[in-house]
Amino acid sequence: MSWLRTALVELWGLFVEDGRYALAIVVWLLLAWLALPLLDLGSGWNAVILAAGLLAILVESVLRRARR
Amino acid sequence: MPIPWVHAGPSMLASFLASLVECVEALTVVLAVGTTRGWRSSLAGCASGLLLLLLMVLLLGQALARIPLHRFQLVVGALLLLFGMRWLRKAVLRAAGVLALHDEDAIYRRETQALREHGGAGSGLDKLAFAVTFKSTMLEGLEVVFIVLAISAGRAGLLWPASLGALAALLLVASLGAMVHRPLARVPENTLKFVVGVLLCAFGTFWAGEGMGYAWPGADWSVPGLAAGFLAVSALSVPWCRRLASARAGELAR
């Protein structure tokens, strides 16, 4: 079964390299999906805020890594 | 229904560039194995890997075409974002000098040395050569398969442009490899990864938003807008990361 373990590890590695970064993306997607409509800003603004949050996550992650 | 070029063009470009990067990496291993242990087994391993990857695209592509699109878009968008943002993060850090660049020549030398230490190949099929090139082709190709499938799952009719893009890159790299018989070390891999990361993030964000039921301003035209946004923010992050990394190195040196 070691080949299966290797395959699963490789598959996981396609999506997750920095756990905190991946978790931030998933949490933001859930927040944008479930919480943004509660603010009643309008569909277009929700989409823009979704994109802005993802850009912020990217910037925070690269800066955090560069500081290390 | 015709496919809007605003989706077909970037999806073909993303799969072409991603496939180009991965094929260059796989070619390095195929060349290292071929020159040290013989071409027959090396190419047989590579061809078997390619056949398996092609089968995966055909089977999974057909299966994805039967699934209701709107229920799937959020998941596809999320997976594309996890995948694309990982590529983009790494490309930014490599461009800033925080992470080392991929060096095909160094990898070729390392692989060749490691294979020589295993002794000479016997007659018949060389299992080691076959296994190494098969595994390398599968590992590099799996990323391309994911990109092709994820892009084509986001909107109907994109399987062909995405597959053609990937296939064109494979043919280009195979032809160049056959001609020069050396790793394609001059291909600007990180720049290509940067562009692919930007395109995947744009697609992922667009489809995740659509999957959530949000209407993008400018509809389909927001895809190039999102790509421009990711490109601008990533490009601006590079010098910022470089400054932070050199300041940190200075602190550590003191």
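Here are some numbered notes on this predicted model, going chain by chain and then to the places where the chains meet.

1. Let's start with chain B. It has eight helices and zero strands, so if you trace it along the sequence because you want the pattern, you just read α-α-α-α-α-α-α-α. The radius of gyration of chain B is 20 Å, and the globule rule gives 18 Å for 254 residues; those values are close, so chain B is as compact as a globular protein of that length. If you like to think in boxes, the C-alpha atoms of chain B fill one of roughly 60 × 60 × 25 Å along the principal axes.

2. Now for the inside of chain B. Of its 254 residues, 52% count as buried. Have a look at who touches whom, too: among contacts in chain B with a separation of 6 or more, 89% are between residues 24 or more positions apart.

3. Chain A gives another picture. There are three helices in chain A and zero strands, and the pattern along its sequence reads α-α-α. For 68 residues, a compact globule would have a radius of gyration near 11 Å, but chain A comes out at 16 Å. Its C-alpha atoms fill a box of roughly 50 × 30 × 15 Å, again along the principal axes. As for burial, 22% of the 68 residues of chain A count as buried.

4. How many residues does each chain bring to the contact between them? Chain A brings 29 residues and chain B brings 36 residues. On the chain A side, helix H1 (2-15), helix H2 (19-34) and helix H3 (43-67) each supply at least two of the residues that touch chain B. The largest share of that side, 17 residues, comes from H3(A). Sorted by type, the residues of chain A that touch chain B are 21 nonpolar, four polar and four charged.

5. Next, the core. The largest nonpolar core has 94 residues, and Val196(B), Leu200(B), Ala202(B) and Cys241(B) are those with the most contacts inside it. Helix H1 (residues 5-37) of chain B gives the largest share of this core, 17 residues. Cys241(B) is worth a click: leaving aside neighbours within four places in sequence, it is in contact with residues of both chains, namely Val62(A), Leu63(A) and Ala66(A) on one side and Val92(B), Leu93(B), Ala96(B) and Val98(B) on the other.

6. Leu244(B) is another one to click on. It lies in helix H8 (residues 222-253) of chain B. Why does Leu244(B) count as buried? It has 20 C-beta neighbours inside 10 Å, and a residue is called buried at 20 or more. Leaving aside neighbours within four places in sequence, Leu244(B) is in contact with Leu63(A), Ala66(A) and Arg67(A). Within its own chain, Leu244(B) is 146 residues from Val98(B) in sequence, and the two are 9.6 Å apart in space, C-alpha to C-alpha.

7. Let's look at a helix pair. H1(B) and H7(B) pack at an angle of about 145 degrees, and their axes are 9 Å apart. Their crossing is left-handed. Residues making this contact include Leu13(B), Leu17(B) and Val21(B) of H1(B), along with Leu192(B), Val196(B) and Leu199(B) of H7(B). By type, the contact residues are 13 nonpolar, no polar and two charged.

8. Stay on helix H1 of chain B for Val29(B), which is found there. Val29(B) is buried, because 24 other C-beta atoms lie within 10 Å. Its C-alpha atom is separated by 8.6 Å from that of Thr112(B), although the two residues are 83 residues apart along the chain. Leaving aside neighbours within four places in sequence, Val29(B) is in contact with Glu111(B), Val132(B), Thr133(B) and Ser136(B).

9. Finally, two backbone oddities. Most residues other than glycine have a negative phi. Phi of Asp40(A), though, is positive, near 60 degrees. Asp40(A) lies in the loop between H2 and H3 of chain A, and it counts as exposed because it has 8 C-beta neighbours inside 10 Å. His181(B) also has a positive phi, near 55 degrees. You'll find His181(B) in the loop between helix H6 (159-180) and helix H7 (189-211) of chain B. With 10 C-beta neighbours inside 10 Å, His181(B) counts as exposed.

Note on methods: Residues numbered from 1 in each chain as written. Chains lettered and ligands numbered in written order. Predicted model: local features only at pLDDT ≥ 70, side-chain atom pairs only at ≥ 80, totals over all residues. Contact = placed C-beta atoms within 7 Å. Helix = DSSP H or I, 4+ residues; strand = E, 2+ residues; numbered from the N terminus. Nonpolar A, V, L, I, M, F, W, Y, C, P; charged D, E, K, R; others polar. Buried ≥ 20, exposed ≤ 12 C-beta atoms within 10 Å, placed from the backbone. Rg over C-alpha atoms; globule rule 2.2 N^0.38 Å. Core = buried A, V, L, I, M, F, W, Y, C linked by C-beta atoms within 7 Å. Axes fitted to C-alpha atoms, helices over the stretch in contact; angles between N-to-C directions. Left-handed = near helix turned anticlockwise from the far one by under 90°.
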